[in-house]
Amino acid sequence: MNLAFIGLVAGMALGFAGYFGGFAAFLLVAVLGAVGFVVGRLLEGDLDLGDLGDLLRSRDRRR
């Protein structure tokens, strides 16, 4: 699947969750989507666990 179609489906899921479930459902779907994206990238080998650690560190500790 290309990323444009996946983005379309994710946007539709967020829209439906926000409309029918309210803001809490919108946030839940957004967080689960982000977690699923990261896990998918890890499983495909496009992302390394060391890269995630770099994102969580402050700028002072990166050097």
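These notebook entries record what I looked up in the structure.

**Model and numbering**

I worked with a predicted model, in which local features need pLDDT of at least 70, side-chain atom pairs count only at pLDDT 80 or more, and totals for chains, interfaces and linings use all residues. Residues are numbered from 1 along each chain as its sequence is written, and side-chain values use heavy atoms, with hydrogens and water left out.

**Confidence**

I looked up pLDDT, the predictor's confidence in each residue from 0 to 100. The protein averages 78, and 79% of the residues score at least 70. Among the elements, helix α1 (residues 3-21) has the highest mean pLDDT, 84, and helix α4 (residues 59-62) the lowest, 58.

**Secondary structure**

I took helices (H or I, at least four residues) and strands (E, at least two) as DSSP runs numbered from the N terminus. The protein has four helices and zero strands, in the pattern α-α-α-α along the sequence.

I then checked helix spans against the expected value, which is 1.5 Å times one less than the number of residues. For the 19 residues of α1 the expected span is 27 Å, and its end C-alpha atoms are 26 Å apart, which agrees. Helix α2 has 22 residues and reaches 31 Å from its first C-alpha to its last, close to the expected 32 Å.

I noted a glycine just after each of these helices. Gly22 takes a positive phi of about 90° just after α1, and Gly45 takes a positive phi of about 90° just after α2.

**Surface**

I used accessible areas from the Shrake-Rupley method with a 1.4 Å probe; for residues, only the protein chains shown count as cover. The accessible surface of the protein comes to about 5,400 Å², and carbon and sulfur atoms hold 67% of this. Buried residues (under 20% relative accessible area; exposed is over 50%, partly exposed in between; 1.4 Å probe, protein chains only) make up 2% of the 63 residues.

**Aromatic rings**

I counted rings of Phe, Tyr and Trp (its six-membered ring) as paired if their centres lie within 6.5 Å; planes under 30 degrees apart are stacked, over 60 edge-to-face and the rest tilted. The structure holds three aromatic pairs. One of them is Tyr19 with Phe20, edge-to-face at 4.9 Å centre to centre and 85° between the planes. Tyr19 and Phe20 are both exposed.

The pair of Phe23 and Phe26 is stacked, because the ring centres are 6.0 Å apart and the planes lie at 20°. Both residues lie in helix α2 (residues 23-44), three residues apart, about one turn of the helix. Phe23 is exposed at 59% relative accessible area, whereas Phe26 is partly exposed at 30%. I also recorded one aromatic cluster formed by Phe16, Tyr19 and Phe20.

**Largest pocket**

I searched on a 1 Å grid over the protein atoms alone, where a cavity is a set of points where a 1.4 Å probe fits but cannot get out, a pocket is an open set with protein on both sides within 12 Å along at least five of seven lines, and lining residues have an atom within 4 Å of a point. Grid points are joined across faces, edges and corners, and a volume is the space filled by probe spheres set on the points.

The largest pocket holds about 340 Å³ of space. Its lining has 15 residues, with Ile6, Ala10, Gly33, Gly36 and Phe37 nearest the centre. The elements giving two or more residues to this lining are α1 and α2, and α2 gives the most, nine residues.

I followed up Gly33, which is found in helix α2 and is partly exposed at 40% relative accessibility. Gly33 and Leu14 are 19 residues apart in sequence and 9.3 Å apart in space, C-alpha to C-alpha.
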